[in-house]
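Me: I would like to learn how to read a two-chain model, feature by feature. Can we take it in short steps?

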Amino acid sequence: MGLPTVQFLGVVGWGLLMAWATDAHATEPPVTVPEGTFEHAVLLDRDVQTEWVDTFRVDPRPVSRADYAAFVQAHPAWRRSALAGLFQDGGYLKHWHSDLEPNGEPDAPVVHVSWYAARAYCQAREGALPTLVQWEYLANLWRTLNEHSDEDYANAVFAWYGEQRPTALRDEALGVSGFIGPVNEWLEDYQLLLGNGDQIDFGGGSCGDTGRLIARYDSAHYATLLRYQMRSNISPETTASNQGFRCVYP
Amino acid sequence: MKSAKLMGVALALWSLTTANALGADTGHDHHNHHGHDHHSGMHHTPLPMVSQVPEGSLHQLDAVWQTHRGEAVTLADLAGRPVIVTMLYASCTTACPVLVQDVKRIQQALPEAQRARTALLLVSFDTEGDTPEALNQYAQNVRADGEAWHFATGSATDVRTLATLLGVRYRKNPEGGYDHSNVIAVLNTKGELVHRHEGLNQPVTDAVKAVSLD
């Protein structure tokens, strides 16, 4: 996958925007995720253990640097030299060679993008960041369809956050990949607000509080809790070297 | 309404060090810098809009809010006025009226000159139920309909953006309401966040001071 050829022809203005929008979709068409029931591993609300998820479409893998370059080409306000400190921490696209030239492999996931930037990208594609429930539902499907044991899943997650290189797990289901892989992914509502009956956000979501809220006390649930917790701790203007995203569409 | 029964609200500002730990622990490069330092060796050419306001100004948020008086307002429209901001929703019966009272207490504690120019912005989480008409009814119910008051609704995306900028966490609950943290923030005349407190029935002194600094 690379930049759509048409972008190198010097097409400007609406032509470029339209070419980007259509070609990007043509290159990496979103994948349809079937509707189903999501079982919460982390009980954000004491009374909600399962919920229904409607069908949605999702990018098959995290957004690439080439895709993101096309976005900033079409939306100058989101170029590195233009983006204000309100929406990033100072490290936005810091390794790019210039405003429009990504570093590394064009196919590699874009990183060093803040939550605000990730959302702007998805909005420009008439999509949105996945909700926490959508992404976790998809991750559960990914585990099931790839037949990853709870133990293998847990080990992969712990390795991701630990010293080792992430354990290589088969990473393909429904034509969607990139889970517990190169990047942690931004979500629309990634910041946790914890409810326990009448009490809302009773512990501020520290590890000790969430620990009593996992549905089962096994390693896979702990692994998921760890992911929720670490993700929630990232402030939205953060631009980290292992933080990327993908979009969903109605 | 569960959302209304807010207790034990805790400050949910997270340490930025976690993100550094993430970057460092996974074997990728970890030159993450936090804070608003400029990129070294890079020229900033801010957009014209950006150049008129400080780097951290919320006036850069282009969201258009529909107020209970049927007006369309952006944060930039309120430039030159300090703004007290909170987020709530009309069908919330316990916590949200307290938030309104808290805003009212801050307003009443302001010196008169400050009071006359300070805008009060109360943005709803409930983008479906809280139409401008519903918010107008709400403003009457809580007796907060003076010129300074702006009960407002907007798109779900813009509500999420504002909440994130203000450090407000919320989630729709199964009863159709919203669980949320209770935050009151003060923006100065340039749109910078100069005060923020969490919880109900908090002392007004710091918020008053923040408004008066400007």
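What follows is a dialogue on confidence, folds, one sheet, its packing and two loop residues.

Me: What kind of model is this, and how is it numbered?
Reply: This is a predicted model: local features need pLDDT of at least 70, side-chain atom pairs count only at pLDDT 80 or more, and totals for chains, interfaces and linings use all residues. Residues are numbered from 1 along each chain as its sequence is written, while chains are lettered from A and ligands numbered from 1 in the order in which they are written.

Me: What is the mean pLDDT of chain A?
Reply: pLDDT is the predictor's confidence in each residue, from 0 to 100. For chain A the mean is 85, and 81% of residues reach 70 or more. Residues 1-26 of chain A fall below 50. Beyond near neighbours in sequence, that stretch has 35 contacts in the model. A contact means two C-beta atoms, placed from the backbone, within 7 Å.

Me: How many helices and strands does each chain have?
Reply: Helices (H or I, at least four residues) and strands (E, at least two) are DSSP runs, numbered from the N terminus. Chain A has seven helices and nine strands. Chain B also has seven helices and nine strands.

Me: What share of each chain is buried?
Reply: A residue is buried if 20 or more other C-beta atoms lie within 10 Å of its own, exposed if 12 or fewer, and partly exposed in between; the C-beta atoms are placed from the backbone. In chain A, 46% of the 250 residues are buried. In chain B, the figure is 43% of 214 residues.

Me: Which contacts join residues at least 24 apart?
Reply: Take contacts between residues at least 6 apart in sequence. In chain A, 71% of these join residues at least 24 apart. In chain B, 68% do.

Me: What is the strand order of the open sheet in chain B?
Reply: Strands of a sheet pair through backbone hydrogen bonds, either parallel or antiparallel. Here two strands pair if DSSP finds at least two bridges between them. The open sheet has seven strands in the order S2-S1-S5-S4-S3-S8-S9 (chain B), with mixed pairing. Strand S2 (72-73) and S9 of chain B stand at the edges with a single partner strand each, so one side of each has no neighbour in the sheet.

Me: Which strands run parallel, and which antiparallel?
Reply: S3(B) and S4(B) run parallel, joined by six bridges. There, B:Val83 stands opposite B:Ala119. S4(B) and S5(B) are also parallel, with four bridges, and B:Leu120 faces B:Trp149 across that pair. Strand S1 (residues 65-67) of chain B pairs with S5(B) in the antiparallel sense over two bridges. B:Gln66 stands opposite B:Thr153.

Me: What unit do S4(B), H5 and S5(B) make?
Reply: A crossover is right-handed if, with the strands pointing away from the viewer, the path from the first strand over the helix to the second runs clockwise. S4(B), helix H5 (residues 132-141) of chain B and S5(B) make a right-handed β-α-β unit.

Me: Are the faces of S5(B) buried or exposed?
Reply: Both faces are covered. B:Trp149, B:Phe151 and B:Thr153 are buried on one side, B:His150 and B:Ala152 on the other.

Me: What does helix H6 of chain B pack against?
Reply: H6(B) spans residues 156-166, and eight of its 11 residues are buried. Those buried residues pack against strands S3, S4, S6, S8 and S9 of chain B. Just after H6(B), B:Gly167 takes a positive phi of about 70°.

Me: Which residues touch the most other members of the largest nonpolar core?
Reply: In soluble globular proteins, nonpolar side chains tend to be buried together. A nonpolar core is a set of buried Ala, Val, Leu, Ile, Met, Phe, Trp, Tyr and Cys residues joined through C-beta atoms within 7 Å. The largest has 109 residues, and A:Ala118, B:Ile84, B:Leu122 and B:Ala207 touch the most other members. Not counting residues up to four places away in sequence, B:Leu122 touches residues including B:Val100, B:Val103 and B:Phe151.

Me: Which residues other than glycine have a positive phi?
Reply: Most residues other than glycine have a negative phi. Two cases go the other way: A:Leu174, near 60°, and B:Arg143, near 50°. A:Leu174 lies in the loop between helix H5 (150-161) and strand S5 (184-185) of chain A. With 15 C-beta neighbours inside 10 Å, A:Leu174 counts as partly exposed. B:Arg143 sits in the loop between H5 and S5 of chain B. B:Arg143 is exposed, with 10 other C-beta atoms within 10 Å.
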